[in-house]
Structures are given as C-alpha cells and as structure tokens.
Amino acid sequence: MTDPTPAELAAAAEEYLAAHYPKAGNRGPTRFDWGVGSDEVRVFQEPDPADEAEAMPAVRAWRQGLWDAGFGWLTGPTAYGGAGLSGEHQREFEKVTRRYQVPGDSMLTISLGMIAPTLLNWGTEEQKTEWLPKLYSAEQVACQLFSEPGAGSDLASIATKAVRDGDNWRITGAKVWTSGAHLADVGELICRTAAEPRHGNLTAFLLDMHAPGVLVRPLRQMTGGAAFNEVFFDDVVVPDSRRIGGEGEGWKVALTTLAHERNAMGHSAFGGVGILSTQRLVGVIRAAGKQDDPVVRAEFGELISRLRAARYTNEVIAAQTRAGTAPGPEVALNKVALADNMRRVGEFVADVLGEAAVADTGEWGTFAWTSLMLGAPGYRLGGGTDEVLRNSVAQRVLGLPRPT
C-alpha cells in the first residue's frame, strides 16, 4: 500500500478528530494584555494529583483512539506498530490536532518522550513488540526512576540494589523526585547490580509500579505543588525479561533516557507557563512604572538577548531531531540555557517589582511571580545539575580534558 501524502494524512486526521472531538474555539489574538485573564506563571506543571487522576482516563482514551485509527505513532517503525511516516506527516497531524479540543499528550511526556525512545534503542525485540504499542496507546503509562536521596547529582552513585535470584531480580532501595509515579504503571529503574566498576555496575529494568513492595509517596515542594514523588522498593521481584540492555549497561541506558529528557526540558514549551513571554515582562516593567529607568532598560535588553539566543539554539537542535539525528550531549546546552534564563527572569522581575513580588496583596501580575522565584532553583537540578551538564558539554561536545 502506498503511504499517504502529508495532505492526505491531514485530511484523514481532520475526519477522525471531527467525529470524536469538538472544534477548538477561536482563540483570537495571542497578544498579551496586562491585567487580563490569569496571571499565573510557573516553572513546573503542578496540577493537583487528584485532578490528574481524574483527567487520566480521558488521556488514555485519546491515545487509544489514535492508536486504533493509525495515528498513534506516525513516525514509528511499522514492525512495532508505528506508521513508518515522516516528520512532515507528524507536523501536519499536529496542525490539525490544534484545531480540536483534545486531551493531548502533556501527561505522557515521560512515557512517549523518554521511556519509549529508550526501549526502541535498548529493548529486545520481544520488549519492543510488547511495550511500545502499550506506551503509545497509553495502555501503560511510564515514569523514570533514577534520582536517589543519597546520590545527589551523581547518578553513578545510586544505592538501590538488584540481586539476581534465578530468573528474577530482587530490588531494595528508594528513589526520589519521580514525576508522575503516582499515575504510572511501569517505571524505568536503574539499580546497582555489582560493587564495581563504576559506570559498569548498573543495570536497567522496566518495573511494574503495581508490584508488591512498591510504595509511592508525594513530595510537597516549597512552591506549594506536589509534582514529584519518592518511591520505595521493599524486596520487589522483577523478572529478568524486564531487564533493559545487558547486565552492567544501565549507565548507557540511562544516558539515552537523559538525552531525551534534556531535549524535552530544554524546549521552551516544556513545563513553564508564561515565564518567557516578552510581552509579559514588558507588562511588568510598565506596571511598575519603570519603563524609563535606564538600568531596567539595559537589563531587559540583555535578558531578551539571552532568551533569543536560547531560542535559536533550541531551533537548531530541534531541526536536527526532525532530520532523524538522535539527541546527543549537545542537548544539555538547551537545558542549561533555559534553567539560567529562568533564574535571570526571576531576579529581573524581583528587582522591578520589589516588595510587590513577595507581598500577596491581590494585585494582578505581582505575587504570582513567586512561583517562578521558588521553582527556578529546582529546574537547575532536574535532568542533571548545571554543573554536571556543563562538564558533559565541555568533555563530550568541546573535547576538553577532565579536570585534574
């Protein structure tokens, strides 16, 4: 059968979506007006866990419908249920999708953007055949189980152990800062399976999050949200058939996942709400009456230059990804730049607003910025700290020697 052209695919998608979802309303001009609508600004999406749980069935139904209709994995290999089409087909589909009120994939970023690509790269044929359709249809939702309380930013120092027991592994330990663990069915878990050598003693597994011995507990952040969890493993049994990659290859598997994570986090559309809007920043300056302040004008100009530079870097890497190049160590630049810009925006707004930024007077567009100021430091840690990523860029992109 001949593949559809992008236009033919768009027409088929239009027909499917029109039959299942209402049209999106006219959103009107996207120009920002100070004082109009929500003044929310956030670093991380921090929905209430109860609201997320309530929304998940609609998300699963959305993905299952797409999968059944042949739109669930347009660029994926046909051997694993994908349609084998091009990135242009995907972009045409997304254009059509934006015209309808659909649940979308934002709650599946880890499943589809990090875990599925890792399985495609490292999974056995049996794992790819079984799990990729389950992830892309949202029959199963995945999380990432890497960080640990005692390991800090040094992933190679994790202490969660997996001990071989015949055809199974028995896992004991704890993970932390796990997004979406409370909604996940499976998790990509990195464990220590040998004492040494460093980086060669870790192994990856696809863990059943509903297995006996798995405990998920929410973490309350200083922003007030609870987007993360801590996860405990008490002698959890995992079949060896759930091992991803070879024994001792967990570090390499984790690097694949982290490259995809940093690519997602470095994108300006990830997580943050309203933070990088130039018009919103102009609104802050005018609301504070500082549009003629030469210091504020100079700092604003520098800030905008940095935001634009990060945007153009992001576009270059995105173009490489669309051309079929897997994310490499250079994607760390995106994440480092975005984290730094978030910090700079927070400091700039705090300087402009002064005490209005920390006093909840109800004035539109002022106290709302505290969410950014409290959340931005966390962005410097997620997906690898700034220090780790800068070392990665120095050594793996620029070819500089390790520090002595």
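**Exercise 1.** Why does the sulfur of cysteine 191 form no bond with the closest cysteine sulfur?

*Solution.* The structure is a predicted model, in which local features need pLDDT of at least 70 and side-chain atom pairs count only at pLDDT 80 or more, while totals for chains, interfaces and linings use all residues. Residues are numbered from 1 along each chain as its sequence is written, and side-chain values use heavy atoms, with hydrogens and water left out.

Step 1. A disulfide is a covalent bond between the sulfur atoms of two cysteines. Here the term is applied to a pair of cysteine sulfur atoms within 2.5 Å.

Step 2. The closest cysteine sulfur to that of cysteine 191 belongs to cysteine 143 and is 13 Å away, which is too far for a bond.

Step 3. Cysteine 143 is in no disulfide, and the count by this rule is zero disulfides.

**Exercise 2.** Determine whether cysteine 143 and cysteine 191 are buried or exposed.

*Solution.* Step 1. Buried means under 20% relative accessible area, exposed over 50%, and partly exposed in between, with a 1.4 Å probe and protein chains only.

Step 2. Cysteine 143 has 0% relative accessibility and therefore counts as buried. Cysteine 191 also has 0% relative accessibility, so cysteine 191 counts as buried.

**Exercise 3.** Describe the span and the bend of helix H4.

*Solution.* Step 1. Helices are DSSP runs (H or I, at least four residues), and strands are runs of E (at least two), numbered from the N terminus. Helix H4 covers residues 109-122, which is 14 residues.

Step 2. The expected span is 1.5 Å times one less than the number of residues. For H4 the expected value is 20 Å, and the helix reaches 19 Å from its first C-alpha to its last, close to that value.

Step 3. The bend at a residue is the angle between axes fitted to the seven residues ending there and the seven starting there. H4 bends by about 35° at isoleucine 115, and proline 117 follows within four residues.

**Exercise 4.** Identify the contribution of H4 to the largest nonpolar core.

*Solution.* Step 1. A nonpolar core is a set of buried Ala, Val, Leu, Ile, Met, Phe, Trp, Tyr and Cys residues joined through side-chain atoms within 4.5 Å.

Step 2. The largest core has 32 residues, of which Ile115, Leu119, Leu132, Ile190 and Leu206 touch the most other members. H4 supplies the largest share of this core, six residues.

Step 3. Among the buried residues of H4 are Ile115 and Leu119.
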